[in-house]
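Here's a walk through a protein chain, going from the overall picture down to how the strands are put together. Keep the structure open while you read.

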Amino acid sequence: MNAKITCLVAPVVSATTFIAFWYGVRGMMPADKKFMLPLPHDVATALVENHTVLLHASLNIALGASIGLATATVLAVGLAILMSTSGFIRTSLYPHLMMLQMMPVIALAPILVIWVGPGLPSVSIITFLICFFPLVVNTTQGLLSTDQKLVEMFDLYRASRWQQIRRLRIPAAMPYFFTGLRISGILASIGAIVGDFSAGSSANDGAGLGFLIIIYGAQFKMAELFATVISGCLVGFSFVLVVHRMSWFFLHQWHDSYERSDR
Amino acid sequence: MVAPPPPVHFNAVTKHFGDGPAVLDAINFTAREGDFIAVIGPSGCGKSTLLRLIAGLTTPSSGSLSLQRQPPVDAVVELAFVFQEPTLLPWARVAANVALPLRLRGVPSNECADAVHRCLTQVRLADRADAFPRQLSGGQQMRVSIARALALNPKLLLLDEPFGALDEMTRNHLNEELLTLREQAVWTAFFVTHSISEAVFLANRVLVMSAHPGRIQHEVTVDLPYPRTAATRQSSRFLELTAQLSQLLHAAETPPA
Ligand SMILES: Nc1ncnc2c1ncn2[C@@H]1O[C@H](COP(=O)(O)OP(=O)(O)OP(=O)(O)O)[C@@H](O)[C@H]1O
Ligand SMILES: [Mg+2]
């Protein structure tokens, strides 16, 4: 019980300290520089005043991030299964996947805008590219790390290749898959905002947080910029939350990363 | 009248891995239907390899091995293997673990329920059907593993030190349970163990192996009548046989000077 209270109180204390520090710093800044750091309550006001715009932009980001992440998940799992079945496929594809990961996605933005148009299509593709690699690598690793004794047991019962994948390799890869998904879940919203920043569009109400950053930046609206950052954090946080819930749902009953309920 | 085909027949079987030394050499042995054969011998003498050969998980380097006159891989004999560890699927509940061999045969899940219940009842774990393996004790997990082995009504049961990791009380208890199961269905068993008293208690034939290369040094017939109970362990014949076997095992462990 005590630990629980600490859990709630400690972050509040640290946040209060941080905000006090913020006011302090701002107070010590020379007058002509004060515009650079809006006060916390200015940011709060900006959040409230622009909440419709921010909410809309956040939802656009969430949409792009969801499409990108979902596509990356489906394709990554498919590719991982393929790669797990053959060392040849693995060695022929792995260097290209590395290249994909090394690619400066930002530089790709203008190309994507020309190919598929600005806004959601480009944003989703950029998110996809950022999320894909951690998912493929972790899932493949998981599919290959199956306990040899269990593999032998499946051999003994003359399980087909597909039965072995479906009933043994895929469930055994779950914890690894979720490790990948946790990383990609964090990257998804950042990827979408970066994508929106470099390939966003306000057409069809499609502006996201990245697009807002450009506009507010051009107008030196510091409080609004901070409010946009906070909105971005919240979008990212909700993704992380969803991924953690999913991970819990699939793993908590059996995996050692979760405590036994009847302990 | 033609004699029934032996469930397992080794004919001059040798086994070596790669170009390594012979792990098993000149194995000649015939199991009769309903035999309970215990295999004892020093560590590394090839006991596990022997069982893996029977299961078709590996093949002889020379000689031949047959199950009911068929090569192990296409044998029609229903066979089950209980490994040293429970080897349960951690993400599947007990019932699903027991149903696994049936599911792998393509039996739909709703038709597995009866068999699963029967096997779990036999190992007295019917009330834990919905538990996950990690919620069970080591002994219970081993019993689930045995229940899974029974799911296909095996005619040939291979057990590789199944109770090695358990304390003696639990082990004795599971031994008695295993013999009870044997009364309910006819199967032939190969049981690898390090424990002489376990071998004598369970088996009607005990093979004593020696190492480098692995050979069957002696075969001892255990003439204690079934059913055997906890009291059997106190009988003088039991003590005589364990003493004899421990001498033979000691001789097999000491390389000839
Ligand atoms: N896949 C393999 N490749 C190479 N050598 C192997 C392999 N499997 C077993 N061996 C070797 O064969 C020998 C016999 O192994 P095996 O596991 O059958 O012994 P064991 O009698 O079961 O020993 P223990 O009582 O310790 O379980 C050992 O020397 C081992 O190193
Ligand atoms: Mg062994």
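Of the 257 residues in chain B, 54% are buried, where buried means under 20% relative accessible area. Bear in mind throughout that this is a predicted model. What the chain does show to the outside comes to about 11200 Å², and carbon and sulfur atoms supply 53% of that area.

Now zoom out a little. Chain B is built from seven helices and nine strands. Its radius of gyration is 18 Å, close to the 18 Å that the globule rule gives for 257 residues, so chain B is as compact as a globular protein of that length. If you lay the C-alpha trace along its principal axes, it spans about 60 × 45 × 45 Å. The contacts tell you about the fold as well: take those in chain B with a separation of 6 or more, and 70% of them involve residues 24 or more positions apart.

On to the sheets. Strands of a sheet pair through backbone hydrogen bonds, either parallel or antiparallel. One sheet in chain B is open and has six strands, running in the order β5-β6-β7-β3-β8-β9, with mixed pairing. At its edges you'll find β5 (79–82) and β9 (215–221) of chain B; each has a single partner strand, so one side of each is left without a neighbour in the sheet. Neighbouring strands here are turned by 15° against each other on average, direction ignored.

For a look inside that sheet, pick out β6 (residues 156–160) and β7 (residues 188–192) of chain B. These two pair in the parallel sense over five bridges. You can spot the register at B:Leu159, which stands opposite B:Phe191 in β7(B).

Chain B also has an open sheet of three strands, in the order β2-β1-β4, and the pairing there is antiparallel. Which strands stand at the edges of this one? They are β2 (22–31) and β4 (62–66) of chain B, and because each has a single partner strand, one side of each is left without a neighbour in the sheet. Here, neighbouring strands are turned by 20° against each other on average, again with direction ignored.

Within this sheet, β1 (residues 8–16) of chain B pairs with β4(B) in the antiparallel sense over four bridges. B:His9 has B:Ser66 in β4(B) as its bridge partner. Packed on the sheet is helix α1 (residues 47–55) of chain B, which touches β1, β2 and β4 of chain B. The direction of helix α1 of chain B makes about 120° with that of β1(B).

Definitions and conventions: Residues numbered from 1 in each chain as written. Chains lettered and ligands numbered in written order. Predicted model: local features only at pLDDT ≥ 70, side-chain atom pairs only at ≥ 80, totals over all residues. Heavy atoms only, no water. Pairing = 2+ DSSP bridges. Axes fitted to C-alpha atoms, helices over the stretch in contact; angles between N-to-C directions. Rg over C-alpha atoms; globule rule 2.2 N^0.38 Å. Buried < 20%, exposed > 50% of the residue type's maximum accessible area, 1.4 Å probe, protein only. Contact = heavy atoms within 4.5 Å. Areas by Shrake-Rupley, 256 points an atom, 1.4 Å probe, with all protein chains shown as cover.
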